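Trainee: Hi! Could you walk me through this one?

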Amino acid sequence: MIEPKSHVERPLSPHLQIYRLTITMVMSIVHRATGAALYAGTILFVWWLFAAGNPRRFETINAFLGSWFGRLILFGYTWALLHHLLGGVRHLIWDTGRGMEPGEREFLAWATLIGSGTLTVLVWLLALMLRG
Amino acid sequence: MRTLRHRVRGLGPAHSGTGHFWLQRTTAIANAALVIYFVFLFVTLAGRSHAAVVATIGQPVVAILLLAAILSIVVHMRVGMQVIIEDYVHGEAAKVTLLLANTFFAIAVGLAAAFAVLRISFGL
């Protein structure tokens, strides 16, 4: 009879660095990364909401968000939000069993990336135009 | 004796069935609609005076939609971060600590944001 070992050295699946980088892989990582960034970004949102309760503190946070550094953060925030949104739509499409064939996966991945970049620029152009 | 077949019967080895999956999807759909609305709202608010911003956020419909978005977002980010923790943190003590911290953070963010919105709505 074979003795059952307490710890069997089973072969492990190869790790990330062994695979050639693909767009679907990168978009999967970016979806998770933007999700994590948005998680941290809620602190900025709560800070802004609290500042909105007081005219003087509202001026302070607006001055910061209106600076080049503040705008850079907000631009990144906008992109992360829209990218995670489009990535989420991609997942919802997959939930229906569609869009998983070769070619379709790559199309959806590129659409997520190009779509989020385009939408971010459009949203900012609109904001700057309305601001006058 | 617990066979493999027995382990996955009913709610499966995670003991929560598809609850996590549905919670993530339900909040994802709610977030998609609400986030699109709020991106446009904030675009129109950019550069506006404090009085104008407060008047907009204080409107009942806007405030209720903001509260709905806050609830949906914090639930979604909690289950999302839970998956990240479960994927990367393998030590039992560290994992449980982070899962608890994740829940507390989501609740704190949700309550603070809701409080800020209500304070503006009620003109306090």
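Mentor: Happy to; we'll talk about how the chains meet, and then about a pair of helices.

Mentor: Keep in mind that this is a predicted model, where local features need pLDDT of at least 70, side-chain atom pairs count only at pLDDT 80 or more, and totals for chains, interfaces and linings use all residues. Residues are numbered from 1 along each chain as its sequence is written, chains are lettered from A and ligands numbered from 1 in the order in which they are written, and side-chain values use heavy atoms, with hydrogens and water left out.

Trainee: Okay! How many residues does each chain bring to the contact?

Mentor: Chain A brings 27 residues and chain B brings 39 residues, where contact means heavy atoms within 4.5 Å.

Trainee: And how much area do they bury between them?

Mentor: About 2,800 Å², with 77% of it on carbon and sulfur atoms. Buried area is the accessible area (1.4 Å probe) that two parts lose on being put together, summed over both. On chain A's side, R32(A), Y39(A) and L49(A) supply 25% of the area buried against chain B, more than any other three residues.

Trainee: What does R32(A) pair with?

Mentor: R32(A) forms a salt bridge with D87(B), and their closest N and O atoms are 2.8 Å apart. The rule asks for a side-chain nitrogen of Lys or Arg within 4 Å of a carboxyl oxygen of Asp or Glu. This pair runs from helix 1 of chain A to helix 4 (residues 60-88) of chain B; helices here are DSSP runs (H or I, at least four residues), numbered from the N terminus.

Trainee: How many salt bridges cross the interface?

Mentor: There are 2 between chain A and chain B, and the count over all chains is 3.

Trainee: New topic: how do helix 1 and helix 2 of chain A pack?

Mentor: Their angle is about 140° and their axes are 8 Å apart. Axes are lines fitted to C-alpha atoms over the stretch in contact, and angles run from 0 to 180 degrees between N-to-C directions.

Trainee: What do you call that arrangement?

Mentor: That angle makes helix 1 of chain A oblique to helix 2 of chain A, because angles under 35 degrees count as roughly parallel, over 145 as roughly antiparallel, 65 to 115 as roughly perpendicular and the rest as oblique.

Trainee: Which residues meet there?

Mentor: Among them, W47(A) and W48(A) are on helix 1 of chain A, and F58(A) and I61(A) are on helix 2 of chain A.

Terms used. Helices (H or I, at least four residues) and strands (E, at least two) are DSSP runs, numbered from the N terminus.
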